[in-house]
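Got a minute to walk through a fold together? Pull up the model and we'll take it feature by feature.

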Amino acid sequence: MKLRAYLLMLFVVAVWGSTFVLIKGALADASPAAFNLIRMTLAFAVLAVAYHGAWRSIRLTQIAAGALVGLCLALGYQFQTIGLARTTPSKSAFITGLVVVLVPLFSIVPSLRAPGARPPRWNAFLGAALAFAGILLLTAPAVHDAASAGTLAALLPDLSTINLGDLLTFGCAIGFAFHCIALSHVSPRIGFRPLAILQVGFCALFMAVSLPFIEHPHIHWTSRLITALAIAAVLATAAAFSIQSWAQSILPPTHTALLLTMEPVFAWITSFLIMGERLGLRPASGALLILAGIALTELVPQPHVPTAHEA
C-alpha cells in the first residue's frame with residue numbers, strides 16, 4: 001500500500017511539473033484568466049459528478065469556509081497563470097514552490113497557525129533565508145556596469161530588472177500559502193469530498209466574477225488548448241487532488257512534502273526537453289538554493305502539507 005502511495009504521489013508531482021510547459025503553450029491560444037475559468041469549471045463538473053453523494057452532507061455553515069478556501073485558491077491560480085504568460089515554466093515552478101517556505105513564516109502570527117500547531121522553528125527561518133537568496137539569483141541578473149566590473153558588487157542582483165511575470169508568480173506563492181493555512185483551519189471540520197466540491201466551485205465562481213476586471217478574454221480553440229484544458233482540469237486538478245489526499249492519509253507528512261519539492265525539477269526537465277529552456281549557472285544556483293530551503297523547512301513535519309498544486 002505504501003509503495004503504491006509513493007508511486008502515485010510521484011506520478012502526481014510529475015503531472016503537476018509537466019503542466020507548466022503544457023499551460024505555457026496553451027496560453028498562445030487563450031488569455032490566462034479565461035483559461036483558468038474553463039479549467040476550474042471543468043474540474044468542478046468532474047468533482048461534482050464523482051462526489052455526487054457528498055452534496056447531501058454539505059451544511060450552510062460550511063459554505064462560508066468553502067468560499068474562503070476557494071478565494072485563496074483562485075488568487076493563487078490567477079497570479080500563477082498570468083505570471084506564467086510572462087516568464088518561463090521552470091522559473092514559475094521554482095517560485096511557486098516557495099509556498100512551502102511561506103506557510104511556516106506566516107504561522108509566526110498566532111491567529112494564522114493551525115489548531116495545535118507550534119511556532120516556526122529555526123529550520124523554517126534558515127530555509128526561508130536560503131529560498132529567498134535563491135529567488136534573487138533565479139530572477140535577478142547580476143549588476144553589469146563599468147564601476148562594478150571585477151568587484152564583489154558585480155555579484156549583487158540588479159533588482160530593477162526582475163521580470164513582471166516572476167513578481168506575479170511570487171504573488172501566486174502567497175495566495176497558495178494562505179490557501180494552505182485556510183485548509184489547515186477548515187479541513188478538520190469538513191469532510192474532504194464536500195470541501196473539494198466547495199473550494200473548486202467557489203474558485204471557479206470568483207474567477208468568473210474577476211474575469212472582466214483582469215483582461216479582455218480571448219479563446220482560439222485548438223487541439224493544443226483542448227488537450228491542455230483536459231489534462232489540467234481532469235488529471236492535474238480533480239484526479240491529482242483526490243490522489244494526493246488519499247496518499248497523505250498513508251504517507252508521513254515529511255515524505256509527502258519532500259516528494260512535492262520535485263515538482264519544479266519535473267517542470268525544468270519538461271521545459272528543457274520540449275522548449276529547450278536552459279538555466280545558466282546563476283539561475284541554476286538559485287534554483288538549487290530554493291530546493292535546499294524548501295527541503296530544510298520540511299525536515300520538521302508541519303501540521304498541514306500543501307495541496308492542490310501548491311508546491
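**Reading the helices and their contacts**

The crossing of helices H2 and H8 is left-handed.

Q: Before we get into that crossing, what kind of model is this, and how many helices and strands does the chain have?
A: This is a predicted model. The chain has twelve helices and zero strands, so expect helix packing to be our main topic. From the N terminus on, the elements run α-α-α-α-α-α-α-α-α-α-α-α.

Q: Back to H2 and H8, then: at what angle do they pack, and how far apart are their axes?
A: The general idea comes first. Two packed helices are described by the angle between their axes and the distance between the axes. In this structure, H2 (residues 32-50) and H8 (residues 192-214) pack at about 155 degrees, and their axes are 9 Å apart. Because angles over 145 degrees count as roughly antiparallel, H2 is roughly antiparallel to H8.

Q: What about H1 and H11: at what angle do they pack?
A: H1 (residues 2-26) packs against H11 at an angle of about 45 degrees, with 8 Å between the axes. That angle makes H1 oblique to H11. As for handedness, H1 passes H11 in a right-handed crossing.

Q: H11 has come up now, so which residues make the nonpolar surface patch?
A: The patch is made by Ile269, Phe272, Leu273, Ile274 and Met275, and covers about 490 Å². Ile269 sits in H11, which spans residues 263-275. With a relative accessibility of 34%, Ile269 counts as partly exposed.

Q: How much of the chain is buried?
A: To read burial, look at relative accessible area: under 20% means buried, over 50% means exposed, and partly exposed lies in between. Here, buried residues make up 51% of the 311 residues in the chain.

Q: How many salt bridges does the structure hold?
A: For the general idea, look for a side-chain nitrogen of Lys or Arg within 4 Å of a carboxyl oxygen of Asp or Glu. This structure holds two salt bridges. One of them pairs Arg224 with Asp29, and their closest N and O atoms are 2.9 Å apart. That pair links distant parts of the chain: Arg224 is in helix H9 (residues 223-248), while Asp29 is in the loop between H1 and H2, 195 residues apart.

Q: Are Arg224 and Asp29 buried or exposed, or somewhere in between?
A: Take each partner on its own. Arg224 is partly exposed, at 42% relative accessible area. Asp29 is buried, because its relative accessible area is 6%.

Q: Which residue does Lys91 form a salt bridge with?
A: The partner of Lys91 is Asp166, with 3.8 Å between the closest N and O atoms. Lys91 lies in helix H4 (residues 89-96) and Asp166 in helix H7 (residues 164-186), so this pair ties together parts 75 residues apart in sequence. Lys91 counts as buried at 19% relative accessibility, and Asp166 is buried too, at 3%. Notice where the Lys91 value falls: the cut-off for buried is under 20%.

Q: One last residue: where is Phe192, and how far is its C-alpha atom from that of Ser242?
A: Phe192 is found in H8. The C-alpha atoms of Phe192 and Ser242 are separated by 8.9 Å, though the two residues are 50 residues apart along the chain. Phe192 counts as partly exposed, because its relative accessibility is 26%.

Notes: Residues numbered from 1 in each chain as written. Predicted model: local features only at pLDDT ≥ 70, side-chain atom pairs only at ≥ 80, totals over all residues. Heavy atoms only, no water. Patch = residues over 30% accessible without salt bridge, like charges linked within 9 Å, V, L, I, M, F, W, Y side chains within 5 Å. Areas by Shrake-Rupley, 256 points an atom, 1.4 Å probe, with all protein chains shown as cover. Helix = DSSP H or I, 4+ residues; strand = E, 2+ residues; numbered from the N terminus. Buried < 20%, exposed > 50% of the residue type's maximum accessible area, 1.4 Å probe, protein only. Axes fitted to C-alpha atoms, helices over the stretch in contact; angles between N-to-C directions. Parallel < 35°, antiparallel > 145°, perpendicular 65-115°, else oblique. Left-handed = near helix turned anticlockwise from the far one by under 90°.
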